[in-house]
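Visitor: I would like a quick tour of this structure. Please show it first, then take my questions.

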Amino acid sequence: MRVESFQPLGLLSTALLLTSCGDHEAASGVETVEIATKSGIPMIHLPGGEFEMGGGKGNEDEHPLHTVVLSPFLIDKTEVTHAMFTSAQLPNPSHWKDDQDKPVESLRWRDAKLYCNGRSLMDGLTPCYDEKKSGLPCDFSANGYRLPTEAEWEYAARAGSRGDYDFGSARKLKHYALFEDNSRKRTHPVGSKKPNRWGIHGLYGNVAEWCQDAYDPAYYRNSPSNDPTGPDAGAEDVKRVVRGGSWKASAGMCRARFRQGKQTGDSDACFTADFCGFRCVRRISEEEFAKLRGP
Amino acid sequence: MRIRPCVLGLLFPALPAALSADSLQERLSKLPYGIVYEAYHGDNWELFVMNADGTGKKNLTNTKDSHELYPQASPDGTRICFVNDAGEGRAVVRSVCVMNADGSGRQTIAQYARQPFWSADSKTIGYLPQEFRKFNVVDYFSKGMRFYDVASGKDRPHQNSARIHHLYNPSFASNGKWITSTVHAGMGYKHAILLIGAEGEQILDLKLRGCRPCLSPDGKKIAWGEDDHKISVAELAVDSATPKPGRRLLEIVHPKDKIYHVDWAPDSRHLSFSCGVPSKGDITKRDTHEAACEIVGVYAKGWNILAVALPEDDGGTGKTIDLTTAGPESFANLTNNGLSNKEPTWLNRTARE
């Protein structure tokens, strides 16, 4: 454990969730803290807790609404950018590289995991993905960076809300997301739109984001309630979950609970899904976070 | 049901002897060429040479602790350049090397580099420096282009090297004026097949779908992988001021297996390529990587080297060779052990004699 690798910014934001407004529902206050990693990348500490995942309405694969309990974790404040990705000495397959602050896209699922490992090593953390094994299996107990589970992603996107978007109705989406109505068919620098109530940018648009889980449309029917990590897919090259809207997505696809599965591209030499990016998370214990925050 | 050509040799080991006189294999046996290719034998990548009909296979490298891949035979048939991998995972150092055609006289000409290619006069080896020091197996992990002069050992950048980014599979045109290559996510292109001026800054997008182009030695044709399951051949006159692909001459297709790594014979009448089932490799094999199995360094289980001949009548419409239905008069299986046989390159045995 390398707590010293972090530099708390001292920016403590208490996200006091608002009372009911449209799809918004009241929720208890959640304290989120922004920190900067050893590499200088801003992350948001989410204290974990219980939330309602999926929904009774919407697409079939979003059913049923079910309770999930998550452990505390850190999540990137923005999607991974070109500047962040190339710092790990990885070839950047992105289409729109005209601005180093734009999110990477066109990434295979494997590329995203290699970045997580590279960033872990740069920060003195233990990589989660075993690069010597097929499919790069994830060790969730390691303290390094990894892709978010689908549950972690939705928890972060909902920011305590129960509606389609944490900010209320779809009419406000243009203020929070770059999607088909306002993207001009391209990506834009991360942080171009308002963050959600927990201070996280880009969850609803710009690029969709790879998650760790294998995609199973029926998974919610029997998924575990504590820290679910998706169906067991072994090393098989199955579809993986992609979450969040993108520059080419409709408003409906930007919903917090919208799910889709995409082939990883790991065995495709010319993978060009220019709407697929990602962000990183890492688990953090109460003790580590206490040290991180300081007195 | 037709038998997959790539496994024909496994089912009928004595196949060459049983072929009729007009089989392609018989015709290939009369050509004064060899074919060099990479294969994974005994936990090791090695380079092999065989006769054009697949007989007389010989391990050219025989290095237990070193991995040789991506052979490219010089047009004069005297030398072979290739890459050598040493180390594991992201610590692999990939180097560009050259040796005599019999495997002797090996020397390293550049480290952290890949995808060497010969000039038509066999005097210069072009290659692509890696984008970063830390190894990555993907084919477009390159930045810039350099030329190595075989006689003097001097090395210089391409005049436009600063702009060159994310190329893979480059090769010279026979007139020395152009280099053709795929670019992926670089130089302002999402994915394209380019002609790059061998000197200067000229770049032409050939507007061909696919990757891994190869120009014929007679300067009149281009072959490339149009998708995972199709190799296409079209007219392309490299001597024109702005070469453009013309009439389609041939398509080689396999509906299920991947077909890759097309290379022209010195006579510009025959093509070799590799073929096998899609996979992402098998990293239980020592010092191999996980990615699309056609990529250099990824173990391609069941892959073999095949050859076809161009249609005799170039004036007709394009012909299609479906490898699942074609007979031995149309194609030849040159290897049959399936040990990741890839990246064939024709060796001109006439030129050096």
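Visitor: How many helices and strands are there in chain B?
Guide: Keep in mind that this is a predicted model. Chain B has both kinds of element. The count is 3 helices and 25 strands.

Visitor: What radius of gyration does chain B have?
Guide: Start from the chain length, 353 residues. A compact globule with that many residues would have a radius of gyration near 20 Å. The value for chain B agrees with this: 19 Å.

Visitor: What does the C-alpha trace of chain B span along its principal axes?
Guide: The three spans are taken along the principal axes. For the C-alpha trace of chain B they are about 55 × 45 × 40 Å.

Visitor: How many of the residues of chain B count as buried?
Guide: Buried means under 20% relative accessible area. Chain B has 353 residues to sort by that cut-off. The buried share is 60%.

Visitor: How many helices and strands does chain A have?
Guide: In chain A, 57% of the 295 residues are buried. Its C-alpha atoms fill a box of roughly 50 × 50 × 40 Å along the principal axes. The elements of chain A number 5 helices and 11 strands.

Visitor: Which contacts in chain A are between residues 24 or more positions apart, and what is their share?
Guide: Take the contacts in chain A with a separation of 6 or more. Those between residues 24 or more positions apart are then picked out. Their share is 69%.

Visitor: How many disulfides are found over all chains?
Guide: A disulfide needs two cysteine sulfur atoms within 2.5 Å. The search covers the whole structure. The total is 0.

Visitor: Which cysteine sulfur is nearest to that of Cys128(A)?
Guide: Cys128(A) is in no disulfide. The nearest cysteine sulfur is 4.9 Å away. The residue that holds this sulfur is Cys138(A).

Visitor: Why is the sulfur of Cys211(A) not bonded to the closest cysteine sulfur?
Guide: The closest cysteine sulfur belongs to Cys276(A). The gap is too far for a bond, because a disulfide needs the sulfur atoms within 2.5 Å. The distance is 10 Å.

Visitor: Is Cys211(A) buried or exposed?
Guide: The cut-off for buried is under 20% relative accessible area. Cys211(A) has 0%. That makes Cys211(A) buried.

Visitor: Where does Gly277(A) lie?
Guide: Gly277(A) is buried, at 0% relative accessibility. Among the residues it touches are Val104(A), Leu107(A) and Trp210(A). Gly277(A) is part of a strand covering residues 276-277 of chain A, namely β10.

Visitor: How many cavities of 30 Å³ or more are found in the whole structure, and which residues are closest to the centre of the largest?
Guide: The search finds 6 cavities of that size. The largest holds about 80 Å³ of space. Its lining has 14 residues. Closest to its centre are Gly191(A), Ser192(A), Lys193(A), Gly202(A) and Asn206(A).

Visitor: How many charged residues are in the lining of the second largest cavity?
Guide: This cavity holds about 60 Å³ of space. Its lining includes Arg94(B), Arg114(B), Asp139(B), Arg212(B) and Glu294(B). Beside 4 nonpolar and 2 polar residues, the number of charged ones is 5.

How values were computed
Residues numbered from 1 in each chain as written. Chains lettered and ligands numbered in written order. Predicted model: local features only at pLDDT ≥ 70, side-chain atom pairs only at ≥ 80, totals over all residues. Heavy atoms only, no water. 1 Å grid on protein atoms, 1.4 Å probe; cavity = no way out; pocket = protein on both sides within 12 Å on 5 of 7 lines; lining within 4 Å. Points joined across faces, edges and corners; volume = space filled by probe spheres on them. Nonpolar A, V, L, I, M, F, W, Y, C, P; charged D, E, K, R; others polar. Buried < 20%, exposed > 50% of the residue type's maximum accessible area, 1.4 Å probe, protein only. Helix = DSSP H or I, 4+ residues; strand = E, 2+ residues; numbered from the N terminus. Rg over C-alpha atoms; globule rule 2.2 N^0.38 Å. Contact = heavy atoms within 4.5 Å. Lists of a residue's contacts leave out its neighbours within four places in sequence.
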